[in-house]
Amino acid sequence: MALTWTLTSAFGTRFLALHGLAPWLRWLGGRLLAGAGAVAAISIIVFGATQALPSDPARMVLGPEAPESSVLTLQRQLGLDRPVAEQYLRWAARLVQGDLGSSLDSHVPVLQLVQARAGNSASLLAGVLAVVVPLALGAGCWLALHRDSWFDRKAVSALIALKAIPNFALGIGLVMLFSTTVFRLLPAVSLLEPGRSPWSQPAFLILPLATLALAGLPYLIRLVRSAMIEALDSEYVLAARLRGVTERRVVWTHALPNALIPAIQGLALTLSVLLGGTLIVEVVFTYPGLGSALNAAIEMRDIPVIQAIVLLVAAGVVLINLGADLLTVLLTPKLRTALGAQP
Amino acid sequence: MSRGFLRQPQARAGLLLSGIALLAALAGPLFAPHGAADFVGAVYGGPAQGAPLGYDYLGRDVLSRLLLGGWSVVWMAFSSAFLALLAGTVLGLVAAYAGGRTDRTLSWSADVLLAFPNLILVLLVVALLGRDPWLIVLTASLAFVPGVLRLVRSLALGVAEQEFVEAAELLGYPRWHVLLREILPNVLTPLLVHFGSMLSWAVTILSGLSFLGYGVAPPAADWGLMINENRAGLQAQPLAVLAPVLMIVLFALGANLLAEAVARSNAGTEQR
């Protein structure tokens, strides 16, 4: 992602003529601009997709028996008789002000509905990260230090296999193992009490968390492993060893920090994959997060809610990538100086 | 592909697993003892004589529905991966070779599309436009195109700098000739690997879509749909869920193992 982002940020810098600024500020400005452009494009796609709906929203609200005249009145009230571009701009303007409309189904403001669900999903994802990041770093480094051993080869094969298993299959497998068929230790569905933090009801959190962790781990472990192997094979590690630096110092202060940099991009990718994964996993466990809300909204054709959630998730992915690129540049001496040295 | 390909345990395991799933999907309909919508037993009935996998939530034969339900997953997965491969390769070659504004626009569009998690993109379109199988295939492939585009673009940029491409250009061959005869053959193997991964993702997305209830319409048999329908009876009749889950896993896993094996037999022996 980084390469193409750099290309697109070149777009931005030229457009805004940020030439006078400090190089890193210019880079950041271009990058933010490209991100904002991506979010704008995403909002157009989301709006456009809902425009393609075959049925008329005014007709849907009023029902099939309503007279044609009241449908026309509502259409005028909702601005549906305006050109599409104008409708989009009005929609986007309200969006920026935080007005996401109200649910066609429950008539609750979308913002309120989405906020509660987003909190639950964020708790779940935070828990997954807290498990996945240390495990991936530990296991990846350990495998790299024991590369090509019997255990390493078996572990890599197992990780390849684990990565291919769909999320819902993992979830159902865990449910069968721990809730229904083999053991009966944990609840099969996560019926959280509304209004309380998911963390105060940990029994409901374990299985969805484990499913997503198992889905995210294989890729990240292999990434850390190969980044660490590459670092250990590099010339600076050889040089450190030749200087007589202890092996422990070589691993911890020379190799590991350099192996972490690709892991940041990998983590960003994992996060965006997990955002998609929560959709399915939340439905498997009836966990009340964004995913199950989106599923319910699609079932009810509740367009404002669908728009809000899809937009939120996609904008979240853009933000995650932005953060990862920023961290990568800050942590890579070569890139940092390259940006500083630009004329 | 080297001759050592089949000597890798991963290649053999991949062939075996995806072979079982493909055989069940393609030849299965010939052997299904009952129709997909025939009510032949008790609701959530366990394994019985003539029904080794028991009955589903409506009392239909699980084995028959399993044998009939693979075809939709397989053809849709193959077509969406193949369409994405075609479109992504063309766009990627164009981006790499044209460069400049064309390249920037294409790469930026790919990034925008990549911001949507695959399943959400497909769900959005299917939820709004309906569950026509070809629409699902097209949207799923649309979700894959950016990945192919970026892969082909970066590979082609690497190849385009090599001497034989320069030689062909100096000899005055037309642009399409350079693209198709000089650059494309050199990116084929990584593309094959990517195709295998895409198959595995496509199975995941398509069966996930059916699992959520937006894929193949009932009462047709479909592995993802079977999971969705029989999930409520997980306690009473686990086989009705376990059997389709296993088939999906076999297919996705087999395709992924084959892709890894192709990648490895070309990269040498080092596991990375």
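**Exercise 1.** Which residue takes a positive phi just after α5(A)?

Solution. The model is predicted. Just after α5(A), the residue with a positive phi is Gly98(A), at about 85°.

**Exercise 2.** Check the span of helix α5 of chain A, then state how many of its 13 residues are buried.

Solution. Step one: helix α5 of chain A covers residues 84-96, and at 1.5 Å a residue its 13 residues should span 18 Å. Step two: the end C-alpha atoms are 18 Å apart, which agrees with that expectation. Step three: the count of buried residues in α5(A) is one, and the helix is hardly covered.

**Exercise 3.** Describe the make-up of chain A from its elements, its burial and its contacts.

Solution. Chain A holds 14 helices and zero strands. Of its 343 residues, 37% are buried. Among the contacts in chain A with a separation of 6 or more, 67% join residues 24 or more positions apart.

**Exercise 4.** Assess the predictor's confidence in chain B and in the complex.

Solution. Start with chain B: its mean pLDDT is 84, and 96% of its residues reach 70 or more. Next, look within chain B: confidence is highest in helix α3 (residues 70-98), at 91, and lowest in helix α7 (residues 163-170), at a mean of 79. Finally, the complex has an ipTM of 0.82 and a pTM of 0.82.

**Exercise 5.** Work out how many residues of chain A are in contact with chain B, and which helices and residue classes supply them.

Solution. Step one: 45 residues of chain A are in contact with 40 residues of chain B. Step two: the helices of chain A that each supply at least two residues to this side include α1 (2-16), α2 (23-51), α11 (247-284) and α13 (303-331). Step three: by class, the side of chain A that touches chain B has 33 nonpolar, ten polar and two charged residues.

**Exercise 6.** Decide whether α5(B) is enclosed or hardly covered, and find what covers its buried residues.

Solution. Step one: helix α5 of chain B (residues 118-129) has twelve residues and reaches 17 Å from its first C-alpha to its last, close to the 16 Å expected. Step two: a residue counts as buried if 20 or more other C-beta atoms lie within 10 Å of its own. Step three: nine of the twelve residues of α5(B) are buried, so the helix is largely enclosed by the rest of the structure. Among them are Asn118(B), Leu121(B), Val122(B) and Ala127(B). Step four: the cover comes from both chains, including α2, α11, α12 and α13 of chain A and α6 (133-160) and α8 (175-212) of chain B. Just after α5(B), Gly130(B) takes a positive phi of about 110°.

**Exercise 7.** Identify the residues that touch the most other members of the largest nonpolar core, and follow one of them to its contacts.

Solution. The core has 170 residues, and those touching the most other members are Val224(A), Met228(A), Ile309(A), Val122(B), Ala202(B) and Leu206(B). Helix α10 of chain B (residues 239-267) gives the most to this core, with 19 residues. Now take Ala202(B): leaving aside neighbours within four places in sequence, it is in contact with Ala77(B), Ser80(B), Ala81(B) and Ala140(B).

**Exercise 8.** Classify Leu157(B) by burial and give its distance from Ala95(B).

Solution. Leu157(B) is found in helix α6 of chain B. Leu157(B) counts as partly exposed because it has 17 C-beta neighbours inside 10 Å. Leu157(B) and Ala95(B) are 62 residues apart in sequence, and their C-alpha atoms are 9.2 Å apart in space.

Notes:
Residues are numbered from 1 along each chain as its sequence is written. Chains are lettered from A and ligands numbered from 1 in the order in which they are written. This is a predicted model: local features need pLDDT of at least 70, side-chain atom pairs count only at pLDDT 80 or more; totals for chains, interfaces and linings use all residues. Helices (H or I, at least four residues) and strands (E, at least two) are DSSP runs, numbered from the N terminus. The expected span of a helix is 1.5 Å times one less than its number of residues. Two residues are in contact if their C-beta atoms, placed from the backbone, lie within 7 Å. pLDDT is the predictor's confidence in each residue, from 0 to 100. Ala, Val, Leu, Ile, Met, Phe, Trp, Tyr, Cys and Pro count as nonpolar, Asp, Glu, Lys and Arg as charged, and the others, Gly among them, as polar. A nonpolar core is a set of buried Ala, Val, Leu, Ile, Met, Phe, Trp, Tyr and Cys residues joined through C-beta atoms within 7 Å.
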